[in-house]
Amino acid sequence: MNAPRGFVLLNALILVGALAAVAVLLLARAGEGQARRFADQDTARLRLTLDGGEALMRTALMRDGRSVDHAGEPWARALHNAPLDLGALSVDPADLQGRFNVNWLANPEEEISRAAFARLLQRLGVPASRGEDITRFLTPNSAPDVFGKRVPPIAPAGGPILMIDQLRMLPSLRDTEFDRLAPFISALPGDSQLNVNTASADVLDAVLPGVSRAAWSQLISDRTRDPFTSVEDFQTRLGAIGGFATAGEIDEDRFSVSSDWFEARLTATANSDGSGRKATRITVFERRTLPLGPRVAYRLTQRP
C-alpha cells in the first residue's frame with residue numbers, strides 16, 4: 001500500500017515542478033517580450049526625434065532666402081539637449097562649403113588645390129605623407145602598392161568620394177589623424193566653391209597663403225559683425241588688412257559668399273536631460289533653388 005502511494009506522490013511532485021518551471025519560463029519570456037516592446041518603442045521615438053531635427057534643419061535652410069550665408073544665420077544655430085515631451089534633441093549644423101573639399105584633389109590638374117591641402121596638413125600637424133596617400137587614393141588610374149598590401153587589400157577610390165569617412169580605408173591614416181583633419185574637410189562635387197564667410201582661418205590660410213595669422217584673425221572677427229557680401233568685397237577687405245599680394249591672385253571661380261551644401265549632426269536621447277538611450281545621425285543637405293528647395297543628399301544613422 002505504501003509503495004504505490006509513494007510513487008503517486010513522487011509523480012505529483014515531478015508534475016508540480018515541471019509546471020512551475022514552465023510557468024517561470026513563460027513569465028521570463030513575457031518579461032523579455034515586454035522589455036523588447038519597450039526597447040522598440042524607445043528606438044521608434046528616438047528615430048522620430050531625429051526626423052524632427054532633420055525637418056528643423058531643412059525648414060531653416062528653406063526659409064533662408066538671402067544670397068549670403070554666414071555663421072550668424074538661423075540655420076547655423078546649434079541646439080544642445082533641447083527638452084521634448086519624451087527625450088531631448090541636439091542639432092549641430094555646419095556649412096560644408098566652409099571646409100576644404102578633398103574631391104578637388106581627384107583632378108590631376110589641380111596643382112593649386114594639392115599645394116593648399118599640403119599646407120592645411122602642415123597647419124594641423126598631420127604628416128605630409130598622409131596627404132600624398134589621400135591624393136593617390138582619389139586620383140583616377142592610381143593604384144600604388146600600399147593599397148594592395150592592406151589585409152584585406154583595397155582598391156583606391158580613383159575619383160571623387162561621397163563622404164570623408166571613406167578615407168578611413170587608407171592603411172596609413174591613423175584614427176587620431178583623421179579626427180584631427182575631419183572638421184576641416186568635406187567631400188563635395190568638384191565644382192563646389194569655398195565660402196569665405198564660413199571657412200576657418202586654417203582653411204583660408206591654406207588656400208590663400210602669405211597672409212599673416214593676425215590678419216586672418218582680424219578678418220574673421222570683422223566678418224562676424226559684417227559678413228562679406230561678395231567675393232569682391234572679401235578681396236577688397238583682405239587687401240585693406242595687408243593681404244595685397246594674395247588679394248590680387250584670388251581665383252573668383254573658386255570662392256563664394258553663399259553655400260549649397262550643409263551638414264547636420266543630430267543626437268536624440270531618451271530623457272529630457274540628455275541622458276539614457278541615444279541615437280545619432282549625420283545628414284547632408286543640398287540646398288537647391290526654389291521651387292525645389294533643400295533635399296537630403298544622404299544620411300547615416302546609428303541606433304542604440
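## Helices H2 and H3

H2 passes H3 in a right-handed crossing. This is a predicted model. Helix H2 covers residues 111-124, and helix H3 covers residues 128-138. Their axes come within 9 Å. The two axes cross at roughly 140°.

Two packed helices are described by the angle between their axes and the distance between the axes. What word fits the way H2 and H3 lie to each other? Angles over 145 degrees would count as roughly antiparallel, and 65 to 115 as roughly perpendicular. The angle of roughly 140° fits neither range. H2 and H3 are therefore oblique to each other.

## Helices H7 and H8

Helix H7 runs over residues 213-225. It packs against H8 at an angle of about 135°. The axes of H7 and H8 are 10 Å apart. H7 and H8 are therefore oblique to each other. H7 passes H8 in a right-handed crossing.

Helix H8 spans residues 231-240. Which of its residues are buried? They are Val231, Asp233, Phe234, Arg237, Leu238 and Gly239. An α-helix has 3.6 residues a turn, so residues three or four places apart point the same way. Look for that spacing in the buried set, for instance at Phe234 and Leu238. Asp233 and Arg237 are also on the buried list. After H8 comes glycine 242. Its phi is positive, near 115°.

## An unusual phi in strand S1

Most residues other than glycine have a negative phi, and most peptide bonds are trans. Asparagine 81 has a positive phi, near 50°. This asparagine 81 sits in strand S1, which covers residues 79-84. Is asparagine 81 buried, partly exposed or exposed? Its relative accessibility is 37%, so asparagine 81 counts as partly exposed.

## The largest pocket

The largest pocket has a volume of about 560 Å³. Its lining holds 29 residues. Which of them lie nearest the centre? They are Ile164, Asp165, Glu263, Arg265 and Ile282.

Five strands each give two or more residues to this lining. They are S2 (87-95), S4 (185-186), S7 (261-269), S8 (278-287) and S9 (294-302). The lining residues divide into 17 nonpolar, 5 polar and 7 charged.

## Loop and strand residues

Between S7 and S8 there is a loop, and glycine 276 lies in it. The relative accessibility of glycine 276 is 52%. Exposed means over 50%, so glycine 276 counts as exposed. Glycine 276 and glycine 87 are 189 residues apart along the chain. In space, their C-alpha atoms are separated by 8.7 Å.

Strand S9 holds arginine 295. It also holds threonine 301. Arginine 295 has 30% relative accessibility, so it counts as partly exposed. Threonine 301 is partly exposed too, with a relative accessible area of 29%.

How far apart in space are arginine 295 and valine 284, C-alpha to C-alpha? The distance is 8.5 Å, and they are 11 residues apart in sequence. Threonine 301 pairs up with a residue from another part of the chain in a similar check: the C-alpha atoms of threonine 301 and arginine 47 are separated by 8.9 Å. Along the chain, threonine 301 and arginine 47 are 254 residues apart.

Conventions: Residues are numbered from 1 along each chain as its sequence is written. This is a predicted model: local features need pLDDT of at least 70, side-chain atom pairs count only at pLDDT 80 or more; totals for chains, interfaces and linings use all residues. Side-chain values use heavy atoms; hydrogens and water are left out. On a 1 Å grid over the protein atoms alone, a cavity is a set of points where a 1.4 Å probe fits but cannot get out, and a pocket is an open set with protein on both sides within 12 Å along at least five of seven lines; lining residues have an atom within 4 Å of a point. Grid points are joined across faces, edges and corners, and a volume is the space filled by probe spheres set on the points. Helices (H or I, at least four residues) and strands (E, at least two) are DSSP runs, numbered from the N terminus. Ala, Val, Leu, Ile, Met, Phe, Trp, Tyr, Cys and Pro count as nonpolar, Asp, Glu, Lys and Arg as charged, and the others, Gly among them, as polar. Buried means under 20% relative accessible area, exposed over 50%, partly exposed in between (1.4 Å probe, protein chains only). Axes are lines fitted to C-alpha atoms, for helices over the stretch in contact, and angles run from 0 to 180 degrees between N-to-C directions. Angles under 35 degrees count as roughly parallel, over 145 as roughly antiparallel, 65 to 115 as roughly perpendicular and the rest as oblique. A crossing is left-handed if the near helix is turned anticlockwise from the far one by less than a right angle, and right-handed if clockwise.
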